Amino acid sequence: MSWSEFAFIGIACAVTILVCRVVPVFALRGRDLPGWLSQALAFIPPAAFAALISNDLLAPGMFDAGFWPAAIPLIAAAAVTAVAIKTKSLVWCIVVGVGVFGLLLLI
């Protein structure tokens, strides 16, 4: 791949990202969205986060190294889920997740 082709692809990606992020902001400025759409849009951040972490939690070869190395992230995720349901606090979820994961790695 030549530098000109690489630059073209980079510029095309940058323009696409810019258009996808800026056009909706200007198109929806000053307008009220219907309630059902606002409610549906509220599910986007949790769905994106779930998509990011599910790949790490449920990898195809996760049990290749043994049961315990594969169980550590699942146990930490279960602890974070319990804390999230109880407190609904992102800070406590992070503290508990990192703490449980670190403690399980030491065992």
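Colleague: Does F63 count as buried, partly exposed or exposed, and what is its relative accessibility?

Modeller: The model is a predicted one, and the class of a residue follows from its relative accessible area, with buried meaning under 20% and exposed over 50%. The value for F63 falls between those cut-offs, so F63 counts as partly exposed, at a relative accessibility of 46%.

Colleague: Which residue forms an aromatic pair with F63, and how are the two rings arranged?

Modeller: A search of the whole structure finds two aromatic pairs. In the pair that involves F63, the ring centres are 6.1 Å apart and the planes are at 10° to each other, an arrangement that counts as stacked. The other ring of this stacked pair belongs to F67.

Colleague: Is that partner, F67, buried or exposed?

Modeller: Exposed means over 50% relative accessible area, and F67 has a relative accessible area of 59%. F67 is therefore exposed.

Colleague: What is the geometry of the pair formed by W3 and F6, and in which helix do these residues lie?

Modeller: The rings of W3 and F6 are 5.8 Å apart, centre to centre, with 90° between their planes, which makes the pair edge-to-face. W3 itself is exposed, with a relative accessible area of 71%. The two residues are three apart in sequence, about one turn of the helix, and both lie in helix α1, residues 3-28.

Colleague: Why does C20 form no disulfide, and how far is its sulfur from the closest cysteine sulfur?

Modeller: A disulfide is a covalent bond between the sulfur atoms of two cysteines, and the criterion applied here is a pair of cysteine sulfur atoms within 2.5 Å. A search of the whole structure finds zero disulfides. For C20, which is exposed with a relative accessible area of 54%, the closest cysteine sulfur is in C13, and it is too far for a bond because the separation is 11 Å.

Colleague: What radius of gyration does the protein have, set against a compact globule of 107 residues?

Modeller: The protein has five helices and zero strands, and its C-alpha trace spans about 50 × 50 × 20 Å along the principal axes. A compact globule of 107 residues would have a radius of gyration near 13 Å, whereas the protein has 21 Å.

Colleague: What percentage of the 107 residues count as buried?

Modeller: One residue that counts as buried is C93, at 13% relative accessibility. The protein exposes about 8,700 Å², of which carbon and sulfur atoms supply 77%. Of the 107 residues, the part that counts as buried is 9%.

Methods
Residues numbered from 1 in each chain as written. Predicted model: local features only at pLDDT ≥ 70, side-chain atom pairs only at ≥ 80, totals over all residues. Heavy atoms only, no water. Buried < 20%, exposed > 50% of the residue type's maximum accessible area, 1.4 Å probe, protein only. Phe/Tyr/Trp six-rings, centres within 6.5 Å; stacked < 30°, edge-to-face > 60°. Helix = DSSP H or I, 4+ residues; strand = E, 2+ residues; numbered from the N terminus. Rg over C-alpha atoms; globule rule 2.2 N^0.38 Å. Areas by Shrake-Rupley, 256 points an atom, 1.4 Å probe, with all protein chains shown as cover.
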